[in-house]
Amino acid sequence: MSELFDELPLWSAPFGLKLLEHVEYKPGITALDIGCGSGFPLLELAMRLGKSCKVYGIDPDRKALSLAEHKAAVFGIENIELIEGVAEEIPLGDQTIDLIVSNNGINNVSDIGKVLSGCARIMKTGGQFVLTMNLDSTFMEFYTPLEEVLTELKLFDAIEGMRRHICEKRRPVQEMVRLLHEQAFIVNQVRHDEFSYKFTGAEAMFSHHFIKTSFLPSWTGLLPPDQAQTIFKEVKKRLDERAHDTDYLTLTVPFALINSTRI
């Protein structure tokens, strides 16, 4: 993922800008960005909080962290500390953090319950936790014709795999709220929003570098190897038919912001 430094900020910006709107900016606090990647919204948050605050960023990608470190040096940001590691094992002390943010990162970890338990451990009473997450209807304009084709081919195992993949990567908001409650967070606000990618057609969509690198491998993995090419050809045909009807092809990304407090 480290090679996608241009595309990843484009993908994460709509989530992150909404997140930054809901942070409670207070002097003298200590914050943590879970899944900080190459520095967004970590660096922006650090600059907005100012020098009286300390902001940690944790991510398992060493190359991404190196870029974040380089950006911080260029920008003259001195109030950050980067941690190479996974969110399931946050190496910070108990009740040391006033603010936690995660920009579409929590729903990509391997064990959400363990991550939220760790967040509850390190956060002070009254601390703020703001996270964003894209929802299970993300890119439904693609998944709907894909399921149609799989149904016609009677590839029911592939359909089940597709649904399981969506559920694993994009948990329902109600489940995330429940998990937060279990870890002594009170959810103050859930905000829904969306953005979209528009393309001239299926070929442009499948050729887009971010789609090709970040989504296509997992889509291909859902399909029988000997039928993947045929299936994608038919899906592209149906996508182009929809694009013809509307003058362009749209992929919609609905997402939620959850604003909570440690009690």
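**Figure 1. The largest nonpolar core of the predicted model.** Of the 36 residues in this core, those that touch the most other members are Trp11, Phe139, Phe142, Leu146, Tyr197, Met205 and Trp219. At least two core residues each come from α1 (7-22), α5 (140-152), α6 (156-169), β6 (185-199), α8 (202-207), α9 (209-221), α10 and β7. The most is given by α10, which supplies six residues. In soluble globular proteins, nonpolar side chains tend to be buried together.

**Figure 2. Surroundings of tryptophan 219.** When neighbours within four places in sequence are left aside, tryptophan 219 is in contact with Phe139, Phe142, Tyr143, Met205, Ile211 and Phe232. A second core, separate from the one above, holds 31 residues, including Ile58, Ile97, Val115 and Met123.

**Figure 3. Strand β4 and its pairing partners.** Strand β4 pairs with β1 in the parallel sense over three bridges; within this pairing, leucine 32 has isoleucine 100 of β4 as its bridge partner. Strand β5 (residues 123-134) also pairs with β4 in the parallel sense, over six bridges, and glutamine 128 in β5 stands opposite leucine 99. From β4 the chain passes through α4 to reach β5, forming a right-handed β-α-β crossover. Six of the seven residues of β4 are buried, so this strand is largely enclosed by the rest of the structure.

**Figure 4. The cis peptide bond preceding proline 41.** The bond from phenylalanine 40 to proline 41 is cis, and its omega is near 10°. Proline 41 lies in the loop that connects β1 (30-34) and α2 (42-49).

**Figure 5. Asparagine 104, a residue with positive phi.** Although asparagine 104 is not a glycine, its phi is positive, at about 55°. The residue belongs to the loop between β4 (97-103) and α4 (112-122). With a relative accessible area of 7%, asparagine 104 falls under the 20% limit and therefore counts as buried.

**Figure 6. Aspartate 247, a residue other than glycine with positive phi.** The phi of aspartate 247 is near 80°. Aspartate 247 is placed in the loop between α10 (228-246) and β7 (249-262), the two elements that each supply at least two residues to the core of Figure 1. Its relative accessibility is 66%, which is over 50%, so aspartate 247 counts as exposed. Asparagine 104, by contrast, is buried.

Methods
Residues are numbered from 1 along each chain as its sequence is written. This is a predicted model: local features need pLDDT of at least 70, side-chain atom pairs count only at pLDDT 80 or more; totals for chains, interfaces and linings use all residues. Side-chain values use heavy atoms; hydrogens and water are left out. Helices (H or I, at least four residues) and strands (E, at least two) are DSSP runs, numbered from the N terminus. Buried means under 20% relative accessible area, exposed over 50%, partly exposed in between (1.4 Å probe, protein chains only). A nonpolar core is a set of buried Ala, Val, Leu, Ile, Met, Phe, Trp, Tyr and Cys residues joined through side-chain atoms within 4.5 Å. Contact means heavy atoms within 4.5 Å. Two strands pair if DSSP finds at least two bridges between them. A crossover is right-handed if, with the strands pointing away from the viewer, the path from the first strand over the helix to the second runs clockwise.
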